[in-house]
Structure formats: structure tokens, C-alpha cells
Amino acid sequence: MTFAPSRPSPMSLTAQHRPVSAPSRLVTLMGFLFFIIGVMTWLNGPLIAFSRLSFSLDDNSTFLIPTVFYSAHLLGAFPCAWVTGRVGAKSGMMLALLGMAGGCVGFAACSAARFYPGGLAALFLTGCSVTLLGITINPYVTGMGPFHTAARRIAIMGLCNKAAGIIAPVIFGKTTLRALGSTTRALAVTTDPGQRAVLISHFAHQIVVPYLVLAVGLAITALSIRFISLPPLHFHVAEPQATSRPATDLQRRWRPQLWLGAACLFLYVGVEAIAGDAIGTYGDHLGLDIDNTKFFTSLTFCMMIVGYVCGLIMIPRVMSQLSYLAFAAAVGVILSGGAVLTTGMTSVLCMAALGFSDAMMWPSLYPVAIEGLGRRTLHGTAITVMAVSGGAVLPKLFVWLATTYGFTVAFGGILIPSYLFILSYALWAARRDVPATRERQSGNPVTQTPVL
């Protein structure tokens, strides 16, 4: 599979060359696109608070928002991979951004009309568009340099993504949600159905202008990409001898690592969605002030920024990608236990601190999962993107368990086993990867990797 630009690029490499650093303009573009993915993804947390009031929903109905959004990654991954292979990277990026713009317009219109099913349909379109953009740009970031530093490059992209996770909820809270507390208090003392309807309708219309502005920005970005030249992305064997290995040997080599890695990504995205999207609801049920809980999502992403910075400093100077993954998973187990064993703001802070553990999960898991796929890299990326559907399943499971057994039990029952599974995978993959790691460090890469 080859991503080809509109005109040839001098960055095309032959099979005997090793990956080189991408120009700063390409890094900047990828970082900005990851920022956009972050905006569209991490608005789900504030949207839960917005939709609960504007559509008059209970917790189970409200958490259909992350369920629908992340389900789009499961259902749309392979179709999006097919689209990317057919139209190329540039057109794929443009289609993704225009789809997000359409999703924003649709959700704003349905919110103003208080039509929740239509709003969910708009979110599904947004989720499919985010999936398309992710499948298009993730292999680019992996191919910008040597494999053993891929986590560092993806971490830089993650910083852009999670910066959006800090900025977008704050802006949303200061604009769309600025009247959340006052409207909630007014509804608590208003019994007249007509007045209640007016209050809710006025609040629901607060999303229209911000989302229309966001849609215009996405459309302008899509049109701008039309005039940007992108280098081609090739998938090939980095060492000629590797082609002599039987296909069955290659399949045995990559399938367990890919599928177990995808399972880890499924769990990671689920627990990250709980820590990011559900933290406000968690704080509400602990009796904290509703005007403060709407900003808790940004607190989680502040800790993610710290996690990314630590990963950039430590990988690969102090420890390898897999060693850092094991460290982050172990910290996740400890913090999850702390959230279960404490109450009030202390429990919320432990939950927010999970952002530190979650930060380097994707940067460490994704390159390991797709290593050695060669021409299957695009399909492997689709599988890893499908794993993002964990953000649909685990938060919904969390709400069901919380309703039945309480928020603390639900939190510990999901997060602790998830981090333990990721820790086990990191230790297994590290032992399995030792021979390949030595060969890469000696200058003889043996796996198929995407290169620019």
C-alpha cells in the first residue's frame, strides 16, 4: 500500500535506506491534525454535561455519546482504510475534516431542535471522520524516523492531541456551558412546564454559535490541505534477507503482537475515556460543586501533558518504549487503587492523575503492534483504530456497574484489571522483542516498517 502525493517528493526512499527525519512543515501539519482529533474527541466529556441538561437525559442515555462516537471507530475503521488506499493521504485528510465540519453543523442543529437521535447520528459522522483522519496520519508519524524512537514522535503528536483536551473543554465550559450551574439551579426551583421548557431551550441554543465557528475552521483547514505537498509513504522490507522468510513465519511473528496490542489499546482507550469523560459525573456523584466538576476533564489532560513530557525525556535514553509502558501501567494500577480507597476530592485527583499513566499508552503500544506488518501496515492500523471502540464499551459498562454497585466499585473493577493486562503485555512483548531490539541497535533492522 502506498500513499502518493499529487507530485513526486524527494523524500521517497528505496528499500535499502533507513527512515529519515521529516521536514518541520510535515511535523507541524501532523501535530495540527492531531490537535484537531483531540478537539473532536475530548469535547465528548463536556458534551455529556451539556446533553444531560439540554436533552433532559439520565446517565445511561447521556453516556450514549461516547458509545456512539467510539463505535464509529469500530464500524468505520476498515471502510476508512479502504478509502485512504483509494483516494490517497491528502484527499483522505480533506474528506475527514469536511466530515467533522458536517458533524458539528448537524449536532448544533439537533441540539437547537432538542432531537437527541439526530445529535447521536451527527456524532457518529464525526467519529467516522476522526477514524479516517487517524488511519491516514498515524503511519506518517511512525515513518518519520527509526522504529525505536517512534514513541517519542507519537508522544509529540499526543502532546498536541492532549493540549486540545485541555483547551477545548475550557473554551466549551466558558461558552456553551457557562450557564450550566445557573440553569440547573433555576430548574430546581421552577415547576411550571412552560418556563422549564424555555430555560432548557435557551441553554440548548448555547452550542450553536461555537459549533458553527468550529465547522468553518475545519472546512478552511480542509481546503488549505489541498495546496500542501505531502511525501509518499512506502511500506517495504528494510533488510533484503527478510524477504526470504516464509509468509507463514511472518504471520506467526506479527499476529499475536498485533492482536494482543489491539486488545491493550481497547482497554487503554476505555479507561482513558472513563478518566477523561466520566470524571465530571464522578465528581458530581461524590457531591462536589457542579460549577467546578465541568472543568475536571482539563485536569486529567494536564496530567497527560506531564506524562508526555516524562516519556519524551526518558525514551529511549533511560528506558525503552516497552519498559516505559510497563512503568506507566504499574502506576495506573496504583492510582486506580488510590481512587477506590479514598473519597471526595482526593479520589477525583487520583482519577485525574491517571492521565499521567495514559499519556504514553498509545505512543508505546501502536508502533509495537504494527511492527513487522510491511504492506499490511494500513490494515494493522485499521485494527488498532478499531480498538478505539473501547471508549464506547468501557464507559457504558462503567455506568451500568456504577448504577448497580456504586461508582467506586465500578471504577476499581474496570480500571485495575485493565492496567494489569497492559502491564502483562508490556512484560511479554519486552521479553519477545529482545533479539529484534539487539539487531536494530546493531544497525540491522529486520522488520518491515513504514518509511517516508
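Let us start inside the fold, with helix α6: 23 of its 27 residues are buried, so α6 is largely enclosed by the rest of the structure. The model you are looking at is a predicted one. The length of α6 can be checked as well. At 1.5 Å a residue, its 27 residues should span 39 Å, and the C-alpha atoms at its ends lie 38 Å apart, which agrees.

Now step back to the whole chain. The secondary structure comes to 20 helices and 2 strands. Of the 452 residues, 57% are buried. Among contacts with a separation of 6 or more, 86% join residues that are 24 or more positions apart.

How far can you trust what you see? The mean pLDDT of the chain is 80, and 82% of the residues reach 70 or more. Among the elements, helix α10 (residues 208-225) has the highest mean pLDDT, 95, while strand β2 (residues 448-451) has the lowest, 44. Two stretches call for care. Over residues 1-21 pLDDT stays under 50, and the model has 54 contacts beyond four places in sequence for them. Residues 434-452 also stay under 50, with 56 such contacts in the model. Where pLDDT is low, the predicted coordinates should not be read in detail.

With that in mind, let us look for enclosed space. The count comes to 4 cavities of 30 Å³ or more, and the largest cavity holds about 390 Å³. Its lining is made up of 23 residues, and F34, I37, N161, W362 and V388 lie nearest its centre. Helix α6, our starting point, returns here: the elements giving two or more residues to this lining are α1 (24-42), α4 (64-87), α6 (116-142), α7 (150-174), α11 (247-277) and α17 (361-370). By class, the lining has 14 nonpolar, 7 polar and 2 charged residues.

A single residue can show how parts of the chain meet. T381 is found in helix α18 (residues 377-386). Is T381 buried or exposed? Its relative accessibility is 0%, so T381 counts as buried. Beyond its neighbours within four places in sequence, T381 is in contact with I135, N138, P139, Y366 and I370.

N60 offers another example, this time in helix α3 (residues 59-62). With a relative accessible area of 33%, N60 is partly exposed. Which residues does N60 touch, leaving aside its neighbours within four places in sequence? They are K396, V399 and T403. N60 and V399 are 339 residues apart along the chain, yet their C-alpha atoms are separated by 6.7 Å.

Finally, the backbone has a few details to find in the loops. Most residues other than glycine have a negative phi, and most peptide bonds are trans. Against that background, S56 has a positive phi of about 55° although it is not a glycine. S56 sits in the loop between α2 (44-54) and α3, and is partly exposed, with a relative accessible area of 46%. R114 also has a positive phi, near 55°, and is a residue other than glycine. You will find R114 in the loop between α5 (89-113) and α6, where its relative accessibility of 34% makes it partly exposed. The peptide bond from I315 to P316 is cis, with omega near -5°. P316 lies in the loop between α14 (296-314) and α15 (321-341).

Definitions and conventions. Residues are numbered from 1 along each chain as its sequence is written. This is a predicted model: local features need pLDDT of at least 70, side-chain atom pairs count only at pLDDT 80 or more; totals for chains, interfaces and linings use all residues. Side-chain values use heavy atoms; hydrogens and water are left out. pLDDT is the predictor's confidence in each residue, from 0 to 100. Helices (H or I, at least four residues) and strands (E, at least two) are DSSP runs, numbered from the N terminus. Contact means heavy atoms within 4.5 Å. On a 1 Å grid over the protein atoms alone, a cavity is a set of points where a 1.4 Å probe fits but cannot get out, and a pocket is an open set with protein on both sides within 12 Å along at least five of seven lines; lining residues have an atom within 4 Å of a point. Grid points are joined across faces, edges and corners, and a volume is the space filled by probe spheres set on the points. Ala, Val, Leu, Ile, Met, Phe, Trp, Tyr, Cys and Pro count as nonpolar, Asp, Glu, Lys and Arg as charged, and the others, Gly among them, as polar. The expected span of a helix is 1.5 Å times one less than its number of residues. Buried means under 20% relative accessible area, exposed over 50%, partly exposed in between (1.4 Å probe, protein chains only).
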